[in-house]
Amino acid sequence: MGELNGRHVLLGITGGIAAYKAAELVRLLRRAGAEVQVVMTRAAGEFITPLTLQALSGRAVRQDFFDRADEAATGHIELARWADLVLVAPASADFMARLAHGMANDLLSTVCLATGAPIALAPAMNRGMWLNPATVANAGLLQQRGVLLWGPGEGEQACGETGPGRMLEPEALLERTKALLANGPLTGVRVLLTAGPTREPIDPVRFIGNRSSGKMGYALARAFTAAGAQVRLISGPVALATPADVDRVDVGTALEMEQAVLEHVDDCDLFVACAAVADYRPAQVAGSKIKKNRDRLELTLTRNPDILAGVAARPRPPFTVGFAAETESVVEQAQEKRRLKGIDMIAANLVGAGQGGFEGDENALTVLWEGGREDLPLDKKEQLAKSLTAIITERYYAKKNPTQDA
Ligand code: C5P
């Protein structure tokens with residue numbers, strides 16, 4: 001498995017002779033496991049063809065701001081959200097000037113303005129252009145705003161001169177990307193996550209189940225992995241692929257889920273219960289298929305253990321996060337549930353009011369902890385999982401190092 005597995009690198013290519021090296025950079029990033037989306041400026045297209053980059057990245061290269069295939073015309077926002085890193089290599093003097101002045105006059109500069117991901121520039125230009133006071137000022141301004149400058153290096157230039165302005169070699173850019181992305185905020189943190197429904201058998205062919213798709217839990221598993229955590233996913237039956245670098249344990253019933261959790265809970269720092277665990281199970285499971293020769297069939301149900309509350313009640317519990325789906329008074333009920341279960345944090349959502357939820361791709365959440373609250377508006381579960389992971393990360397460290405919780 002590559003060190004950059006599952007990480008999203010948006011590679012911006014601007015106009016400069018070093019653009020030809022971007023092809024090698026795409027190849028190296030892909031080999032390290034990253035997904036690479038290339039966005040080129042018009043000028044870059046004079047130096048390297050989109051087709052080459054498309055073939056190497058495995059994704060259609062984006063060049064135009066106005067993409068007719070993008071129905072909502074919000075492609076730039078989607079790209080900005082998708083990225084874990086925006087790396088512009090080569091970054092021309094013109095591009096740096098535009099970025100420094102907040103211009104959004106093409107797709108790449110707009111994505112840079114919109115993104116919350118780190119931005120790294122690999123400048124490449126003639127030495128005179130690099131040393132020009134305008135470029136020096138722009139570089140300083142960008143650095144002040146947190147934009148990373150990777151390079152330039154010194155040496156022989158395409159124009160025949162020698163000096164600063166050479167783009168760093170693709171291998172060096174790969175190393176910096178790894179250093180930045182491989183050390184997410186949760187590096188070294190072990191996360192145990194439950195997801196999906198449970199199935200409580202009635203007889204060998206029937207069960208009591210629920211509509212949970214597992215999408216939120218799986219999106220969280222990806223978000224935690226992307227943040228550098230080591231993730232173990234205890235999953236009920238779902239039709240979803242195992243996220244890269246996640247250790248998945250499949251279970252069927254609530255009791256099996258509990259057993260799997262108890263087996264692994266001592267090896268985790270953070271426990272997130274995203275599963276829709278059945279509250280009850282048939283008291284007796286028929287040994288053979290129940291026939292339909294009776295007018296009435298009564299099933300006696302027994303309470304299942306509350307896995308999350310059980311984890312929170314352990315002598316040295318991990319940081320615990322639960323979910324609550326409520327039909328009314330969401331905040332009050334969820335806060336009450338948080339206290340009753342004795343957990344650190346709860347993510348609540350309103351169900352049955354067009355608010356997303358179980359089977360859909362979207363959801364809205366209110367996250368509650370002791371003395372705090374944050375609302376995450378309706379969004380794709382993938383994005384929501386990233387935001388929720390960021391909040392969990394913050395509270396996890398705040399609890400661990402209370403003095404730093406200013
Ligand atoms: O009490 P309620 O089922 O509403 O609580 C939901 C939260 O508790 C979820 O985080 C769910 O994963 C967890 N839970 C559990 N074991 C159960 C029931 C719920 O871990 N038996």
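This report walks through a predicted model of one protein chain and its ligand.

## The chain as a whole

Let us begin with the overall picture. The protein chain has 406 residues, and 49% of them are buried. Its secondary structure consists of 13 helices and 19 strands. Measured out along the principal axes, the C-alpha trace spans about 90 × 50 × 35 Å.

## Where the ligand sits

The ligand takes up the space of the largest pocket. Three elements each give two or more residues to the shell around the ligand: helix H11 (307-312), strand E16 (319-326) and helix H12 (330-341). Among the residues around the ligand are Ala273, Ala275, Asp279, Gly322 and Lys341. Sorted by class, this shell holds 7 nonpolar, 1 polar and 4 charged residues.

Some atoms of the protein can be paired with oxygen atoms of the ligand. For leucine 308, a backbone N or O atom is 2.9 Å from a ligand oxygen. Phenylalanine 323 also offers a backbone N or O atom, here at 2.8 Å from an oxygen atom of the ligand. With lysine 337 the side chain takes part: one of its polar atoms lies 2.4 Å from an oxygen atom of the ligand. On its own, the ligand has 450 Å² of accessible area, and the protein covers 84% of that.

## Valine 277 and proline 305

Two other members of the ligand's surroundings are Val277 and Pro305. Along the chain they are 28 residues apart, and their C-alpha atoms are separated by 9.3 Å. Valine 277 belongs to the loop between strand E13 (270-273) and strand E14 (280-282). Its relative accessible area is 25%, so valine 277 counts as partly exposed.

## A buried asparagine and a partly exposed arginine

Asparagine 363 is part of strand E18, which covers residues 362-369. This asparagine counts as buried because its relative accessibility is 6%. Its side chain is joined to the side chain of asparagine 349 by a polar contact of 3.0 Å.

Arginine 59 lies in the loop between helix H2 (50-57) and helix H3 (75-82). With a relative accessibility of 27%, arginine 59 is classed as partly exposed. From arginine 59 to leucine 192 there are 133 residues in sequence and 33 Å in space, C-alpha to C-alpha.

## Backbone details to look for

Two cis peptide bonds are worth a look. One joins alanine 89 and proline 90, with omega at about 0°, and proline 90 is in strand E3 (residues 85-91). Another links glycine 151 to proline 152, with omega at about 5°. Proline 152 is in the loop between strand E5 (148-149) and strand E6 (153-156).

Positive phi values in residues other than glycine also appear. Aspartate 245 has phi near 65° and sits in the loop between strand E11 (230-235) and strand E12 (246-250). Its relative accessible area of 37% makes aspartate 245 partly exposed. Serine 329 has phi near 35°, and its place is the loop between E16 and H12. Those two elements, strand E16 and helix H12, also give residues to the shell around the ligand. Serine 329 is partly exposed too, at a relative accessible area of 44%.

Methods: Residues are numbered from 1 along each chain as its sequence is written. This is a predicted model: local features need pLDDT of at least 70, side-chain atom pairs count only at pLDDT 80 or more; totals for chains, interfaces and linings use all residues. Side-chain values use heavy atoms; hydrogens and water are left out. A residue is near a molecule or strand if one of its heavy atoms lies within 4 Å of it. A polar contact is a pair of N or O atoms within 3.5 Å; within protein, one must be able to donate a hydrogen and the other to accept it, and residues adjacent in sequence count only if both atoms are side-chain atoms. Accessible areas come from the Shrake-Rupley method with a 1.4 Å probe; for residues, only the protein chains shown count as cover. On a 1 Å grid over the protein atoms alone, a cavity is a set of points where a 1.4 Å probe fits but cannot get out, and a pocket is an open set with protein on both sides within 12 Å along at least five of seven lines; lining residues have an atom within 4 Å of a point. A molecule sits in a cavity or pocket if more than half of its atoms lie within 2 Å of its grid points. Helices (H or I, at least four residues) and strands (E, at least two) are DSSP runs, numbered from the N terminus. Ala, Val, Leu, Ile, Met, Phe, Trp, Tyr, Cys and Pro count as nonpolar, Asp, Glu, Lys and Arg as charged, and the others, Gly among them, as polar. Buried means under 20% relative accessible area, exposed over 50%, partly exposed in between (1.4 Å probe, protein chains only).
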